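Me: I have a model open and want to go through its packing, helices and holes. Can we start with the terms?

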Amino acid sequence: MGSPHLIMRPLCGFLLTGLLLTSFLGASSAPRANSIVPDDIAFKPQSPLTTDTAPDAVADVDTQYLSKGQCPDQSRSHDNLQKSLVIARFLRATPYTANAGNLYAAESGLPEMLRVQLYEQYQTIGPAVLQQGFAAAGLTDAQLKQQAQKIARQARTQFVVSGTILNMGMYTPDSTYRPTIFRQTANAFHDLTHIEKFDKRDRVLIMDVQLRDGFTGELLLSKIYATSGIWNNREAIGFNSPAFFNTPYGEAVRSLTRQISQELAQVIHCQPFMAAIDAHAGQAQILLHGGANNGLHAGDSLNLYQVVMVGSNSDYQVADTRLVKRETRLHLSEVYPSHSIAVVEGGSYLTGHYVAASE
């Protein structure tokens, strides 16, 4: 993310490139057909985990950095400031698979389980749950990015998590709800001994979970998670109830959400802290949407990135969001719980859209 180095180019080429880049940054709101933002000065969110596992097996991704608790770029570690995260209401691909046990509240229950686990286990993540879902069916990648950016702006968060419940049905529902005399006897044996081998009351949970950067919409994690457990309760106990977690299936669901929260936290750990800022032309002081609750202190210094829209070469009215590093920095003069007052290095004024980021 340092300044571009132009080697062995004529002086006129150097001046022309500088003029073009300056002109482009000054008109950041206007999409262009070709990107002239060099990669080495544009921030790109780390995307270490983008893996889909087979939906018929328990997810077990062999990701080296996860197993060692490290980031892909080991020189970067951003675990000292609290980052904000919003979890959208999950969608359901097959509604009828929730019939057994009346588990229709899973769409809101699973995000709430993730929120609680992230809040209790990872102090550097501030999670919240959104009541609206993240529409994904039939949308292009550009539209998904734009939707994530919109949700992040509304919720004032750095990251957005979405999910789709693909299946939570039973392999053989009759084994639980209409068992034969032999199966009734076998069920009683399994319940008494807690021996699950040959128990036919197996139930699955398969879901697709995605994590996106709220400023750029970039996909940071995409993974299909799956688990299964014995569903031995014939009552309409509902999702996320004490009776639900007393079933082997409920225990398996809790274990899976614990794994998901761990992997979400690891990916978020590898990202810098970022916060939106409000700057107005002619004003030296600016408002930063982050404060003491995030671990910031008066006197802290943050990097400054300009938000630049880069037009697509192939899609009409589609643009990618790039975060381009500026040479000036942001200094916090006053810090409050949820926001801070900051000044730009050298007393410069800001024009355009910017975000602040940790080292």
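Reply: Buried means under 20% relative accessible area, and exposed means over 50%. Keep in mind that this is a predicted model.

Me: Fine. Is Phe244 buried or exposed by that cut-off?

Reply: Phe244 has 0% relative accessibility, so it counts as buried.

Me: And Phe245, buried or exposed?

Reply: Phe245 counts as buried because its relative accessibility is 14%, and the limit is 20%.

Me: How many aromatic pairs does the structure hold?

Reply: There are 5 aromatic pairs. In one of them, Phe244 and Phe245 have ring centres 5.1 Å apart and planes at 75 degrees, so that pair is edge-to-face.

Me: What about Phe244 and Tyr249, how do their rings sit?

Reply: Phe244 and Tyr249 are edge-to-face as well, with 6.0 Å from centre to centre and 90 degrees between the planes. Both residues are buried.

Me: Which residues do the ring pairs link into a cluster?

Reply: The cluster consists of Trp231, Phe239, Phe244, Phe245 and Tyr249.

Me: Which charged side chains lie over the faces of Trp231 and Phe245?

Reply: Arg203 lies over the face of Trp231, 4.9 Å from the ring centre. Over the face of Phe245 it is Arg254, at 4.1 Å from the ring centre.

Me: New topic, backbone. What is odd about the phi of His194?

Reply: The phi of His194 is positive, about 60 degrees, although the residue is not a glycine. His194 is in the loop between helix 6 (181-193) and strand 7 (202-213).

Me: Is His194 buried or exposed?

Reply: His194 is exposed, with a relative accessible area of 67%.

Me: And Phe198, what is its phi?

Reply: Phe198 has a positive phi of about 75 degrees, and it is not a glycine either. Its place is in the loop between helix 6 and strand 7. Phe198 is exposed, at 61% relative accessible area.

Me: Where is Arg201 found, and is it buried or exposed?

Reply: Arg201 is found in the loop between helix 6 and strand 7. Its relative accessible area is 3%, so Arg201 is buried.

Me: How far apart are the C-alpha atoms of Arg201 and Asn232?

Reply: They are separated by 6.5 Å, with the two residues 31 apart along the chain.

Me: Now helix 3. How does its span agree with its number of residues?

Reply: Helix 3 covers residues 106-121, which is 16 residues, so at 1.5 Å a residue it should span 22 Å. The C-alpha atoms at its ends are 22 Å apart, which agrees.

Me: Which residues of helix 3 are buried?

Reply: Ala106, Glu107, Gly109, Leu110, Pro111, Met113, Leu114, Gln117 and Leu118.

Me: Why would residues three or four places apart point the same way?

Reply: An α-helix has 3.6 residues a turn, so residues at that spacing point the same way.

Me: Take Leu114. What is its relative accessible area, and how far is it from Thr257?

Reply: Leu114, which lies in helix 3, is buried at 1% relative accessible area. Leu114 and Thr257 are 6.1 Å apart in space, C-alpha to C-alpha, and 143 residues apart in sequence.

Me: On to the holes. What volume does the largest pocket have?

Reply: About 750 Å³. The largest pocket is lined by 33 residues, and those nearest its centre are Ala152, Arg156, Thr157, Phe215 and Ala276.

Me: Which elements give two or more residues to that lining?

Reply: Strand 3 (83-89), helix 4, strand 9 (274-278), strand 11 (301-311) and strand 12. Strand 9 gives the most, with 5 residues.

Me: What is the lining of the largest pocket by class?

Reply: The lining has 13 nonpolar, 16 polar and 4 charged residues.

Me: How many cavities of 30 Å³ or more are there?

Reply: The count is 1 cavity, with a volume of about 40 Å³. The residues lining this cavity are Ala142, Lys145, Gln146, Gln149, Thr216, Ala319, Asp320 and Thr321.

Me: Which elements give two or more of those?

Reply: Helix 4 (141-155) and strand 12 (319-335). Helix 4 has the largest share of the cavity lining, with 4 residues.

Me: And by class?

Reply: The cavity lining has 2 nonpolar, 4 polar and 2 charged residues.

Conventions:
Residues numbered from 1 in each chain as written. Predicted model: local features only at pLDDT ≥ 70, side-chain atom pairs only at ≥ 80, totals over all residues. Heavy atoms only, no water. 1 Å grid on protein atoms, 1.4 Å probe; cavity = no way out; pocket = protein on both sides within 12 Å on 5 of 7 lines; lining within 4 Å. Points joined across faces, edges and corners; volume = space filled by probe spheres on them. Nonpolar A, V, L, I, M, F, W, Y, C, P; charged D, E, K, R; others polar. Expected span 1.5 Å × (residues − 1). Buried < 20%, exposed > 50% of the residue type's maximum accessible area, 1.4 Å probe, protein only. Phe/Tyr/Trp six-rings, centres within 6.5 Å; stacked < 30°, edge-to-face > 60°. Lys NZ or Arg CZ within 6 Å of the ring centre and 35° of its normal.
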